[in-house]
Amino acid sequence: MRHWVNEAIRKIDADFQRTADTHLIKLPLPCYPGVDIYLKDESTHPTGSLKHRLARSLFLYGLCNGHINQDTPIIEASSGSTAVSEAYFARLIGLPFIAVMPASTAKEKIKLVEFYGGQCHFVERGEQIYAEAERLANEKNGHYMDQFTYAERATDWRGNNNIAESIFKQMEQERFPLPRYLVMSCGTGGTSSTLGRYIRYRRFETELVIVDPENSVFYESFMTGDKTLTSNVGSRIEGIGRPRVEPSFTPGVIDRMIQVPDGASIAALRWLEKLTGRKAGGSTGTNLWGALQLAKEMHEHEDTGSIVTVLCDTGERYLHTYHDQAWVQEKLGDIARWQAQLPGLGD
């Protein structure tokens, strides 16, 4: 048993050593001459998203805590990207993987889970994924990864090349090396917890701003302190926003939250494609909208500084949703009013 666990950890560590750090991209924004905005491009991970970091941490956490052995099926509740990354690591160490996800999950993500050898188990509504994942784990004598509980504790937030340490290291030679703001959307709460804890651990003055989409309870919970809030409507921005306050959500490390309309998220990701030629997912649009609102505030107050946010995953996973005009028109309507609020690319 111990030999198998040791070998599984070695394989995961070897995969980490083969993986270069992700790029930090500076956006050209002449309309805000005193403000620099950067995107941490997490789409370049082997599984194409920010969730690659989380999946690695969750597998190491499960292995080192004795929850996973050579006969353990892995079960996860996920709307897509975490499932893709966990399927990758499950295949790496030779374990079966089942993702419990809403039936509305993007087809591209489903295909990726299956590409890495995983199975997809569908439920009708987003709030059903938790109980169904737990039921399957019990039925199959497997391990329910439960990213929504363990994300904030599985990651070493003090360093060890986590996303926070990487951002601050990469910023050292920039015009404004210490970011005024880090902007992050929240799904499990794991990344926001890592960023906020690292900022405090290093005693930085950087503020952590969390952006939240429609149909998510995180923003209201943060504003009211009520952790019992629930919603019977799921987020239309895959991977972020939740119908309940997840155990991994850590409001005490957050300085400010901004609600972002779904139409604004889609407008921002289209704006990014025109600016850089890169297609991104909906959560990146949410992040970018928040970062641009902060840049506008800073510009209006004649403040200077830098803002860092995250490009969470590639837009190729959403060609039939966020990058499909007919889908956007049907689900969100006309987004022109949000597009009109974005900086002109020729300014």
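Me: What covers the buried residues of helix 2?

Reply: The cover includes helix 1 (2–17), strand 2, strand 3, helix 3, helix 6 (147–154) and helix 7 (163–170). Cover is judged by contact, meaning heavy atoms within 4.5 Å. The elements themselves are DSSP runs numbered from the N terminus: helices are H or I over at least four residues, strands are E over at least two. One word on the source: this is a predicted model, in which local features need pLDDT of at least 70 and side-chain atom pairs count only at pLDDT 80 or more, while totals for chains, interfaces and linings use all residues. Residues are numbered from 1 along each chain as its sequence is written, and side-chain values use heavy atoms, with hydrogens and water left out.

Me: What makes helix 2 "mostly covered"?

Reply: Eleven of its 14 residues are buried, where buried means under 20% relative accessible area, exposed means over 50% and partly exposed is in between (1.4 Å probe, protein chains only). Among the buried ones are Lys51, His52, Arg53, Leu54, Phe59 and Leu63.

Me: How do you know that the length of helix 2 agrees with its number of residues?

Reply: The expected span is 1.5 Å times one less than the number of residues. For the 14 residues of helix 2 (residues 51–64) that should be 20 Å, and the end C-alpha atoms are 20 Å apart, so the two agree. Just after this helix, Gly66 takes a positive phi of about 80°.

Me: Why is helix 6 called largely enclosed?

Reply: Because six of its eight residues are buried. They are Gln147, Phe148, Thr149, Ala151, Glu152 and Ala154. The covering elements include helix 2, strand 3, helix 3, helix 5 (129–139) and helix 8 (190–201).

Me: How do you know that strand 3 and strand 4 pair?

Reply: Two strands pair if DSSP finds at least two bridges between them. Strand 3 (residues 74–77) and strand 4 (residues 97–102) have four bridges, in the parallel sense, so they satisfy that definition. Ile75, for instance, has Ile98 in strand 4 as its bridge partner. Helix 3 (residues 81–92) lies across both strands and runs at about 175° to strand 4; here axes are lines fitted to C-alpha atoms, for helices over the stretch in contact, and angles run from 0 to 180 degrees between N-to-C directions.

Me: What makes strand 5 and strand 6 edge strands?

Reply: The open sheet has four strands in the order 5-4-3-6, with parallel pairing. Strand 5 (119–123) and strand 6 (143–144) each pair on one side only.

Me: What makes a set of residues a nonpolar core?

Reply: The residues must be buried Ala, Val, Leu, Ile, Met, Phe, Trp, Tyr or Cys, joined through side-chain atoms within 4.5 Å. The largest such core here has 41 residues, and Ile37, Val183 and Ile307 have the most contacts inside it. Elements giving it two or more residues include strand 1 (24–27), strand 2 (35–41), helix 11 (282–300) and strand 10 (305–311). A second, separate core of 30 residues includes Ala55, Ile74, Tyr88 and Val113. Beyond its neighbours within four places in sequence, Ile37 is in contact with residues including Ile25, Leu27, Leu292 and Ile307.

Me: Why does Ser221 count as buried or exposed?

Reply: Its relative accessibility is 4%, so Ser221 counts as buried. This residue is found in helix 9. A polar atom of its side chain lies 2.8 Å from the backbone oxygen of Asp226. For a polar contact, a pair of N or O atoms must be within 3.5 Å; within protein, one must be able to donate a hydrogen and the other to accept it, and residues adjacent in sequence count only if both atoms are side-chain atoms.

Me: What does the side chain of Asp255 reach?

Reply: The backbone nitrogen of Leu208, at 2.8 Å. Asp255 lies in the loop between helix 9 (218–224) and strand 9 (256–259), and its 37% relative accessibility makes it partly exposed.

Me: Why does Arg203 count as buried or exposed?

Reply: Its relative accessible area is 70%, so Arg203 is exposed. Arg203 sits in the loop between helix 8 and strand 8 and has a positive phi of about 60° although it is not a glycine. Asn215 is another non-glycine residue with a positive phi, near 65°; at 29% relative accessibility, Asn215 counts as partly exposed.
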